[in-house]
Amino acid sequence: MRLTKLGRTGLEVSPLALGCMSFGDPAAGNHDWTLGEAASRPLIKQALEAGINFFDTANVYSAGTSEEILGRALADMADRDEVVIATKVHGRMRPGPNGAGLSRKAILTEIDQSLRRLGTDYVDLYQIHRWDPGTPIEETMEALHDVVRAGKARYIGASSMYAWQFATAQHTADLHGWTRFSTMQPHYNLLNREEEREMLPFCLDQGVGVLPWSPLARGRLTRPWGAQTNRSGSDEFGKNLYTLEDEAIVDAVMAVAAGRGVAPAQVALAWVIAQPAVSAPIVGATKPAHLTDAVAALDLTLSGDELDALAGAYTVRAVAGFS
């Protein structure tokens, strides 16, 4: 598999990242569709064998058990220096004060807890999972800079927020000589393209690597409209992301896929990969075919007419996924 630079950094990553939210003890979190360790390890191995070296998780995924499963699998299957591990901080990890958010106390506590669960001395990319309106951005950026200076993270990144917030964070880092965010992880796919207005052009201009989450719209772009899965039936967060207006877009994906003789997932992911700001979409997998389709999408080049057909049915909508 070819490698790509992560934004303007020198870090080489696969053009796909394996998202690990689907790995974790089902009893530890609020998702009954997560895979336990025995079922997760073959998918991590498949990703490595396909050439994927980039793995994305978060402290809140299944109460930390996603990090534990990923860490043990990579320790057994890979050379630490050849894989890129990303995790996140922000969500609530314990009740009471300072158990969530982006205060200095929370960040310095949670990086150590994540490293313990992952079984590593450092993460390659440490990301803020969301914006924290209750903490001054100066406090957050200085704490993240100290994490980097301590050798506990190589790079830092951010996830869904308004472009003005991201610009403020970068400007704050520049003013003080602190570490800038190298990546942005936005909610971006054929069913949600609102980031094309400000965030993606900003990232492209600033050399920030873009790592779209949910590039397949939590599976809605992989199957006919109305088809249900175990996850879609219980995914309360996902139910707030998409609307009935999306049916025409899903139909367009199905039509292009049928014309090409490929899986709809390959078409929807190939569209995301073709966008100029994108470095590496984050793809989840609970079955081997999910990874097979994701890797195959790297070799699928859509024509101009196909790109137009996929994008033509989109209508403006409210921003979704920031909270």
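Helices here are DSSP runs of H or I with at least four residues, numbered from the N terminus. With that in mind I turned to Ala-297, which belongs to helix H11, spanning residues 288–297. I note that the model is a predicted one.

**Entry on Ala-297.** I looked up whether Ala-297 is buried or exposed. Its relative accessibility is 2%, so Ala-297 counts as buried, the cut-off for that class being under 20%. I then asked which residues Ala-297 is in contact with, leaving aside neighbours within four places in sequence. I found Gln-266, Leu-269, Ala-270 and Ile-273. I also checked Ala-297 against Pro-186, which is 111 residues away along the chain. Their C-alpha atoms are separated by 20 Å.

**Entry on Ala-63.** I next examined the loop that runs between strand E4 (54–56) and helix H2 (65–77), where Ala-63 is located. Its phi is positive, about 55°, although Ala-63 is not a glycine. I recorded Ala-63 as partly exposed because its relative accessibility is 47%, and that class lies between 20% and 50%.

**Entry on Arg-218.** I then located Arg-218 in the loop between strand E9 (209–210) and helix H7 (230–234). Arg-218 is a residue other than glycine, and I read a positive phi near 55° for it. Is Arg-218 buried or exposed? At 13% relative accessibility, I entered Arg-218 as buried.

**Closing note.** I set the two loop residues side by side: Ala-63 is partly exposed, whereas Arg-218 is buried.

Note on methods: Residues are numbered from 1 along each chain as its sequence is written. This is a predicted model: local features need pLDDT of at least 70, side-chain atom pairs count only at pLDDT 80 or more; totals for chains, interfaces and linings use all residues. Side-chain values use heavy atoms; hydrogens and water are left out. Helices (H or I, at least four residues) and strands (E, at least two) are DSSP runs, numbered from the N terminus. Buried means under 20% relative accessible area, exposed over 50%, partly exposed in between (1.4 Å probe, protein chains only). Contact means heavy atoms within 4.5 Å.
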